[in-house]
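Reader: I'm new to this one and would like a walk through it. Could we look at it together?

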Amino acid sequence: MSIIHYIRYIKPQRIYSRRLFLQWFNFIEKSQWWTKEELFNYQWNKIKVLLNYSYKNIPYYQNMFKALGAFPEDIKTLKDFQKLPYLTKEIVKDRIEELLPPNYKNKKNNFKYFTTSGSTGQPLGFYLLPINDIIENAFMIQQWRRVGFKENRTTVILRGEPIKTDGLFYKQRLSDTWYFSSFRLTKYNIKIYIDKLNNLRPEFLHVYPSSLNVLINLLLESGLKITFSPTAILCGSESLNDFQRELFQKVFNTRVYRWLGSAEQTTLAGECESSFNLHAWPQYSYVELLNEDGQEVKEFGESGEIIGTNLHNFATPFIRYKSGDIATYAGNSCRKCGRQFLMFDSIKGRTQDIVYLSDHSTFPIGPAIFGIHEDYWSLINFIQIVQNIPGEIIIKIDTRADKELLIQKLTPLFNARFGRILKFSLEFSSDMKKTKNGKHIFLIQNLKPGS
Ligand SMILES: [Zn+2]
């Protein structure tokens, strides 16, 4: 790369963005050690600003306050705030125009339309400000720093990014970041992938757990060896099962780091240096963990749904957003690192991972499948549940194990877990529907709610 090329690359917009990024980065670094009270005061001030802004500018929230017969000034305590109705995915989907300020089409505002496929495969569209991406990035890199991440180190990304050329890899301009294709991982290509990895010796692997799982299964089948040990493996976007963590750790001999984020930016929580609990960033969003009665979950191990309020999105304000993510409470601060953050653990799949029984009641299928810890489980590349009829599911399995053996092992296991309430059939197939971004879909629910 010549110096001329490099100078062309430096645009004023990039310098401005970098400055904003560093401001946020430094703020997060310092404020992560604040006391509980300091963090809460920060959140509360941001919530007040957001409520006032939304009341003045966003038709949906104007109507909400009107229906409540209240004004933002009436929200004086957290208890008052928790009386505000939830924002649901359905509302965002059906009434997005009402969730935007009237001037959102004004180019000066630079609102960015964003869609997420989610695990249901149904897109949800909303708007963000350019600053939201910068903020997100600053939080993300701060949390990866807990396991030694540095921006300029060799990183291999094995996620959903399509590779522009026909090749299996490509290198990002002016960085040491490599993109590996998740879509061409086959036994015919595996040697090329492993040779490339051993040659690059990346310090960080940033992966979808399902993609790395496929790579490892092919690696083990091939008898090839990994000859380096990265500083950390960074796993986000999909849930990371215990067997995957152990497998990744064993094969790469390194720390496997997990975080939970959401495209809607209402929650961001990552593990810390010395614990596997997810620590929710209080400077990013206000997170409530609520049980089915809407009560705050405060007992260790008790589960609840994550309700999040993003503190920085003034394009489409998400206030008390029902995320659909279920987590178990793991404390109000971390004794190991000292951060005064809400902590949760074992994301139990998503509430939309619901199947219907023959009497039309619902059953969360995620925990029933993901709580399994059997050795042969790691021989399975993917599981996909398909439901077409109430009371019955098809379990599609992509595996490198002996199919007869797997049927013998899985049938009693599934029978014990849900066989009494749900008929199931096993189908072996490597042809599974994925999201547009290449993410694995756990449940293909072809029945409508209330089926
Ligand atoms: Zn901690």
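Author: Sure. One thing first: this is a predicted model, where local features need pLDDT of at least 70, side-chain atom pairs count only at pLDDT 80 or more, and totals for chains, interfaces and linings use all residues. Residues are numbered from 1 along each chain as its sequence is written.

Reader: Okay, which strand pairs with β3 in the parallel sense over three bridges?

Author: Two strands count as a pair if DSSP finds at least two bridges between them. Strands themselves are DSSP runs of E with at least two residues, and helices are runs of H or I with at least four, both numbered from the N terminus. V156 has W178 as its bridge partner. The strand running parallel to β3 (residues 155-158) over three bridges covers residues 177-180, and that is β5.

Reader: In what order do the twelve strands of the open sheet come?

Author: The pairing in this open sheet is mixed. Reading across the twelve strands, the order is β4-β5-β3-β6-β7-β8-β9-β10-β14-β13-β12-β11.

Reader: Which strands stand at the edges?

Author: Each edge strand has a single partner, so one side of it is left without a neighbour in the sheet. The two in that position are β4 (169-171) and β11 (285-290).

Reader: Is β12 largely enclosed or not, and how many of its eight residues are buried?

Author: A residue is buried if 20 or more other C-beta atoms lie within 10 Å of its own, exposed if 12 or fewer, and partly exposed in between, with C-beta atoms placed from the backbone. Strand β12 (residues 303-310) is largely enclosed by the rest of the structure, because the buried count among its eight residues is seven.

Reader: Which strands pair with β12 in the antiparallel sense?

Author: Six bridges tie β12 to β11, and S285 has N310 as its bridge partner there. Five bridges link β12 with residues 321-331, where S303 has T328 as its partner. So the antiparallel partners are β11 and β13.

Reader: What about R320: is it buried, exposed or partly exposed?

Author: R320 sits in the loop between β12 and β13. It has 19 C-beta neighbours inside 10 Å, so it counts as partly exposed.

Reader: Which residues does R320 touch, not counting those up to four places away in sequence?

Author: A contact means two C-beta atoms, placed from the backbone, within 7 Å. The C-alpha atoms of R320 and L87 are 5.7 Å apart, though 233 residues separate them along the chain. The residues touched by R320 are L84, Y86, L87, I307 and T309.
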